[in-house]
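Open the model in your viewer and keep the selection tool at hand. Each stop below says what to select next and what is there.

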Amino acid sequence: MTAWRVARPGPMASGPLDRARVPVPRPGAGELLVRVLVCGVCRTDLHVAEGDLPVHRPGVTPGHEVVGEVVAVGGEGTGFATGDRAGIAWLRGTCGRCRYCLRGRENLCPESRYTGWDADGGYAEYAVVPAAYALPLPGGYSDDELAPLLCAGLIGYHALERAEVPEGGRLGIYGFGGSAHLTAQVAIARGATVHVMTRSAEARELALELGAASAGDAAEPPPEPLDSAILFAPAGALVLPALEALDRGGTLAIAGIHLSDVPPLNYDQHLFQERQVRSVTANTRAGAREFLAFAGEHHLSVSTVPYPLDQAGHALADLAADRVNGAAVLRVR
């Protein structure tokens, strides 16, 4: 099969990906072999390719927003059958016995493993996933639309929970790419007023089309104080204006797995009056199922930019240069 591998982590201009012909993987006990139909292109893939995240598996195949068809099942009792559609997401494995797993916070498991970082992902024609971590997919969406739900949607939903938006509250969103444009719709459906701050004029236009109350430049303050904010852009410098925009008792959730350095904070200006900062780490399977059920009940508008599999490097380069308005997806079939 064809698969892309991170051969030399570094800037996209250096060509970190190699296209290779490799054997089709075989599912072990309790695993599924999935024919990849579409794989979303996530900023985390970019962090893996460019070396922002340390190498966990040399020559790994990126991709963790996989929409596929089950073609082989390793053993019985997996909950999936040949021909089923299945989703492969970022979280791939946890120990199931540590205090975090036992508390229902498996995303914090010290032994957690991730698709496209610890194990090969979906920038390929086939992929293997532990059945216990594969996800059933909601109806009413195309394969292109489903792919971004499997990370951009999941992590945005978790970030929204971490931001603790009060009922009828005011939410600020910093950065407006694949994850943010989905999170904004969930927040609006729940009754929040959403203000978007992003440097992209096209993204500001999309935000207003999706129902945002305002859309301004990333460096500009929102038109009213915020109860909550989510930072999607991997720019630590935006932490300061996001905190300044919070009303008393407000919460900032930082949704990225990687963030550039945060400038020094001024306690009175940025944190006093019980403003708080929270990070976001992956998602749980329970949270993933909850979000996908929500997406099945409340149809989300998913803005995608399709690329063929042989243009994976180009798709990541466009993402790195902020040339993607919405969510990039690789069409494999």
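The tour goes from the largest pocket to helix packing, then to one glycine and a cavity.

**Stop 1: the largest pocket**

Keep in mind throughout that this is a predicted model. Select R43, G177, F232, A233 and P234, which are the closest to the centre of the largest pocket among the 50 residues that line it. The pocket holds about 1100 Å³ of space.

Next, colour the elements that give two or more residues to this lining: α1 (43-50), α3 (143-163), α4 (178-189), α5 (201-209) and β16 (327-331). Which of them gives the most to the lining? It is α3, with six residues. By class, the pocket lining has 30 nonpolar, 14 polar and six charged residues.

**Stop 2: α3 against α4**

Two packed helices are described by the angle between their axes and the distance between the axes. Keep α3 and α4 selected and hide the rest. Their axes come within 8 Å and cross at roughly 55°. That angle makes α3 oblique to α4, since it falls outside the 65 to 115 degrees that count as roughly perpendicular and is not under 35 degrees. The crossing of α3 past α4 is right-handed.

To see the contact, show side chains on both helices. On the α3 side, select P148, L149, A152, G153, I155, G156, Y157 and L160. On the α4 side, select G178, S179, L182, T183, V186 and A187. How many of these contact residues are charged? There are no charged residues here; nine are nonpolar and five are polar.

**Stop 3: α3 against α8**

Leave α3 on screen and add helix α8, residues 285-297. The axes of α3 and α8 come within 10 Å and cross at roughly 105°. The two helices are therefore roughly perpendicular to each other.

Select L149, L150, G153, L154 and Y157 in α3; they meet G287, A288, E290, F291, L292 and A295 in α8. This contact is made up of eight nonpolar residues, two polar and one charged. L149, G153 and Y157 of α3 are in this contact, and they are also in the contact with α4.

**Stop 4: α1 against α9**

Clear the view and select α1 and α9. Here the axes come within 10 Å and cross at roughly 105°. α1 and α9 are therefore roughly perpendicular to each other.

From α1, select R43, D45, L46, A49 and E50, which meet L316, L319 and A320 of α9. R43 was also on the list for Stop 1, as one of the residues closest to the centre of the largest pocket. The contact of α1 with α9 divides into five nonpolar residues, no polar and three charged.

**Stop 5: G313**

Stay with α9, which covers residues 312-320, and select G313 within it. Which residues does G313 contact, leaving aside its neighbours within four places in sequence? They are M12 and L17. For a distance check, pick the C-alpha atoms of G313 and D217: the two residues are 96 apart in sequence and 29 Å apart in space.

**Stop 6: the cavity**

Finish with the one cavity of 30 Å³ or more in the structure. Its volume is about 40 Å³. Select A89, L91, Y133, L135, N283, R285 and A288, which line this cavity. The lining has five nonpolar residues, one polar and one charged. A288 of this lining is also among the α8 residues that meet α3.

How values were computed. Residues numbered from 1 in each chain as written. Predicted model: local features only at pLDDT ≥ 70, side-chain atom pairs only at ≥ 80, totals over all residues. Heavy atoms only, no water. 1 Å grid on protein atoms, 1.4 Å probe; cavity = no way out; pocket = protein on both sides within 12 Å on 5 of 7 lines; lining within 4 Å. Points joined across faces, edges and corners; volume = space filled by probe spheres on them. Helix = DSSP H or I, 4+ residues; strand = E, 2+ residues; numbered from the N terminus. Nonpolar A, V, L, I, M, F, W, Y, C, P; charged D, E, K, R; others polar. Axes fitted to C-alpha atoms, helices over the stretch in contact; angles between N-to-C directions. Parallel < 35°, antiparallel > 145°, perpendicular 65-115°, else oblique. Left-handed = near helix turned anticlockwise from the far one by under 90°. Contact = heavy atoms within 4.5 Å.
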